[in-house]
Amino acid sequence: MRGTLNKYFGYNNFLPLQEDVIKDVLKGQDVLVLMPTGGGKSLCYQLPALILNGITIVVSPLIALMKDQVDALVLNGVPAALINSSLDFSQIDTIKAQLQKGEFKILYVAPERLMMPVFLQFLKGLKVSLFAVDEAHCISEWGHDFRPEYRQLKSLKENFPNIPIIALTATATSKVQSDIASELNIPDSKRYKASFLRKNLQIKIKSKANVYEQLLGYLEEHRKDSGIIYCQSRKQVDSLTFDLSASGFRALPYHAGLTAKERSSNQERFIKDDVEIIVATIAFGMGIDKPNVRFVVHYDLPKNVEGYYQEIGRAGRDSLKSDCLLFFNYGDKAKIEHFIRQKEDLREREIANLKLKEMVNYCINNNCRHKVLLQYFGEDFTETNCGACDICLEPRETFDATIEAQKVISCVHRAKERFGMNHIIDILIGSKSQKIIGRNHDKLSTYGIGRDHSKSKWQLIVRELIRAGYLDLEGDEYPVLRLNTKSKLVLAGKEEVTIVKPKIELGKTKTQRQVKIDSKDIDYELFEILRALRKTLADKEGLPPYIIFPDTTLNEMAVYYPGSLEGLKSISGVGEAKLQRYGELFLKSITEYCDNKGIETKASIIKHQFSAKRTIRPSEANSGTIRETLAFYRQGLTLAEMAAKKSVVVGTIVSHLEKIILSGEEIDINRFVSLKDQKIIEKAMAEVGPGMLRPIKDTLGGKFSYEQIRLVRVALGQKQN
Ligand code: ADP
Ligand code: ZN
């Protein structure tokens with residue numbers, strides 16, 4: 001199994017549960033696999049397909065996804081094909097003929113095609129080793145994506161009683177699970193459920209205030225990242241796309257109002273990294289497998305937690321760190337309630353309202369986001385700090401808000417509990433708006449008693465008071481603030497109020513930099529070069545870049561600097577077929593870069609806890625590791641000692657020192673290169689120019705290392721500045 005895993009997929013280890021699932025499948029057992037998005041479901045049938053004798057039939061609901069999967073397999077050297085309505089008769093005939101000759105190991109088909117009597121008959125003439133039903137929740141009315149055609153799969157087991165079925169889904173509710181088992185007629189199937197915790201997703205919920213500014217602040221810091229921004233309406237999608245484009249971002253819209261052609265072209269351009277951002281309604285997402293979606297933003301409030309989980313699930317399928325950012329306010333809640341009121345069916349309305357309430361609770365809750373999500377899906381989470389959500393990462397400061405609470409509550413009381421939050425705040429801050437003056441609210445004793453805080457700060461305080469139960473917000477269409485028993489206690493001075501301190505963030509969100517990450521050793525300059533190479537190749541072959549190599553693979557290349565095919569082979573994600581096809585090209589890029597930078601490449605690679613921990617993201621500034629180098633420098637360590645301590649090459653240490661020097665920090669390079677040597681190197685640089693390292697090195701007759709030359713060069717440059 002491991003041999004096949006490495007040969008075709010280039011991986012050295014299995015992800016959780018994969019190995020157990022595959023062993024069962026190889027034994028001929030029916031299995032039901034529940035894994036979150038990015039959990040590695042495909043491998044659970046693709047690997048057995050390669051090992052088993054015969055062909056594996058994969059049922060998949062979406063044509064676009066089929067093509068992606070087949071392309072990816074073929075590139076890995078796995079003989080795979082698809083039959084669907086995108087092919088014409090003669091193409092289908094050709095594939096059928098190849099199937100009869102046993103030329104494929106994997107065939108993708110849509111359920112309605114599979115269950116056509118002629119097709120079943122055709123399959124009976126082949127040696128089928130396994131059926132894999134992907135996105136199996138489509139079979140259940142209780143899932144979020146019911147597809148009636150999946151119901152036809154019921155008779156699959158009757159037709160092929162001896163052939164094992166593996167069903168896979170990322171929807172975990174128990175109702176859906178039992179539906180799958182009964183509808184597919186596999187009551188004795190073994191169930192595997194992976195944890196639905198996705199720690200690589202950094203979940204944050206922000207108060208929605210100046211939302212466009214807030215969004216821009218976020219995007220500025222993630223210029224090169226791919227991401228999806230979900231909005232509630234088509235109109236919102238169009239206007240946001242327009243604004244973002246005007247602000248210089250490459251963004252495209254996606255919603256049901258576009259033609260099918262526009263939609264698929266926009267999606268395609270996103271998948272191929274031609275644009276970074278897709279602005280979409282929830283219509284977008286099911287058909288994409290793009291593993292390097294680095295952020296999912298909810299510009300508006302989602303309608304329910306299931307949908308939200310699905311949508312954020314589209315981030316970080318490659319297990320690299322990704323952001324999920326939601327902007328919440330009560331206005332959005334009211335908008336959704338308005339939609340819900342349009343529903344005819346009373347029961348439907350009830351369910352929708354209930355689900356909305358859960359969603360709102362999730363947003364205003366002060367509990368770990370991951371914990372709440374897992375509980376929602378019936379999973380326990382006992383850790384006290386997930387390290388991957390705003391609640392756990394930015395523990396909130398509290399403050400004594402008794403005075404503030406009294407001001408708000410008495411204002412609500414004076415205004416006879418008939419007004420909404422904004423109106424009450426306007427009274428507090430002494431607004432001169434017509435709404436206030438016209439109602440004589442400027443005559444209230446509470447008028448202007450809250451001038452010490454800004455409007456947005458009051459909004460946060462009032463929301464927090466509602467959340468903590470000191471005030472009620474009642475009514476759907478025009479919610480008004482109301483007093484409750486707790487408010488009365490506060491007003492009477494009988495209860496002190498401690499709430500979370502409001503944090504106003506306008507513009508830049510400080511999301512990333514505070515977060516600790518696992519690997520700091522990625523050479524981002526090299527990563528960008530390899531990324532560009534990948535894009536060029538992808539465009540030439542008409543493939544999405546990630547099918548050539550995922551980001552994780554490029555990351556590793558930019559950590560280990562492999563200098564031979566052998567070295568490249570040990571990078572995770574480089575299997576035999578890709579090594580043959582792309583090895584030389586990537587190697588050339590890496591060695592050229594290293595030559596230029598004076599970094600030693602490596603023929604053989606010993607990995608340091610890297611591929612196991614797949615939580616590194618490429619665009620993260622590696623400032624932590626640079627600071628560490630600076631600390632070592634200050635302790636008086638030599639270059640070699642620093643390199644050994646950090647298990648990196650000396651070149652990496654030097655590149656850190658370069659950055660430190662460029663940032664204006666005083667570094668005494670005399671410690672590493674004697675004054676006399678510095679003079680010699682400077683002279684050589686004056687002769688051939690400081691740009692390229694190799695000529696300098698050659699002029700010096702190879703007497704000095706690249707590292708020495710680099711240090712002298714950067715120090716000189718800094719002196720001259
Ligand atoms: P799912 O279908 O469950 O969302 P995928 O099958 O698309 O997940 O796999 C998610 C990512 O994990 C893909 O980029 C895949 O190449 C990668 N992957 C799968 N198995 C392994 C493994 N054993 N080691 C490393 N990466 C893996
Ligand atoms: Zn948490």
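In the predicted model, helix α19 crosses helix α21 in a right-handed manner. Helix α19 spans residues 421-428 and helix α21 spans residues 455-467, and the two pack at an angle of about 125 degrees with their axes 10 Å apart. The helices α19 and α21 are therefore oblique to each other. On the α19 side, the contact is formed by Met421, Asn422, Ile425, Asp426 and Leu428, which meet Lys455, Trp458, Gln459, Val462, Arg463 and Ile466 of α21. By class, the residues of this contact comprise 6 nonpolar, 2 polar and 3 charged.

A second helix pair is formed by α15, covering residues 346-364, and α16, covering residues 369-376; their packing angle is about 155 degrees, and their axes lie 10 Å apart. Because angles over 145 degrees count as roughly antiparallel, α15 is assigned this orientation relative to α16. The crossing of α15 and α16 is right-handed. Glu358, Tyr362 and Cys363 of α15 are in contact with Arg369, Val372, Leu373 and Tyr376 of α16. The contact of α15 with α16 contains 5 nonpolar and 2 charged residues, and no polar ones.

Ligand 1 is surrounded by 14 residues, of which Tyr11, Asn13, Gly38, Ser42 and Arg317 are the closest. Two of these closest residues approach oxygen atoms of the ligand: a backbone N or O atom of Gly38 lies 2.6 Å from an oxygen atom of ligand 1, and a polar side-chain atom of Ser42 lies 2.6 Å from an oxygen atom of ligand 1. A nitrogen atom of ligand 1 lies 3.0 Å from a polar side-chain atom of Gln18.

Methods:
Residues are numbered from 1 along each chain as its sequence is written. Chains are lettered from A and ligands numbered from 1 in the order in which they are written. This is a predicted model: local features need pLDDT of at least 70, side-chain atom pairs count only at pLDDT 80 or more; totals for chains, interfaces and linings use all residues. Side-chain values use heavy atoms; hydrogens and water are left out. Axes are lines fitted to C-alpha atoms, for helices over the stretch in contact, and angles run from 0 to 180 degrees between N-to-C directions. Helices (H or I, at least four residues) and strands (E, at least two) are DSSP runs, numbered from the N terminus. Angles under 35 degrees count as roughly parallel, over 145 as roughly antiparallel, 65 to 115 as roughly perpendicular and the rest as oblique. A crossing is left-handed if the near helix is turned anticlockwise from the far one by less than a right angle, and right-handed if clockwise. Contact means heavy atoms within 4.5 Å. Ala, Val, Leu, Ile, Met, Phe, Trp, Tyr, Cys and Pro count as nonpolar, Asp, Glu, Lys and Arg as charged, and the others, Gly among them, as polar. A residue is near a molecule or strand if one of its heavy atoms lies within 4 Å of it. A polar contact is a pair of N or O atoms within 3.5 Å; within protein, one must be able to donate a hydrogen and the other to accept it, and residues adjacent in sequence count only if both atoms are side-chain atoms.
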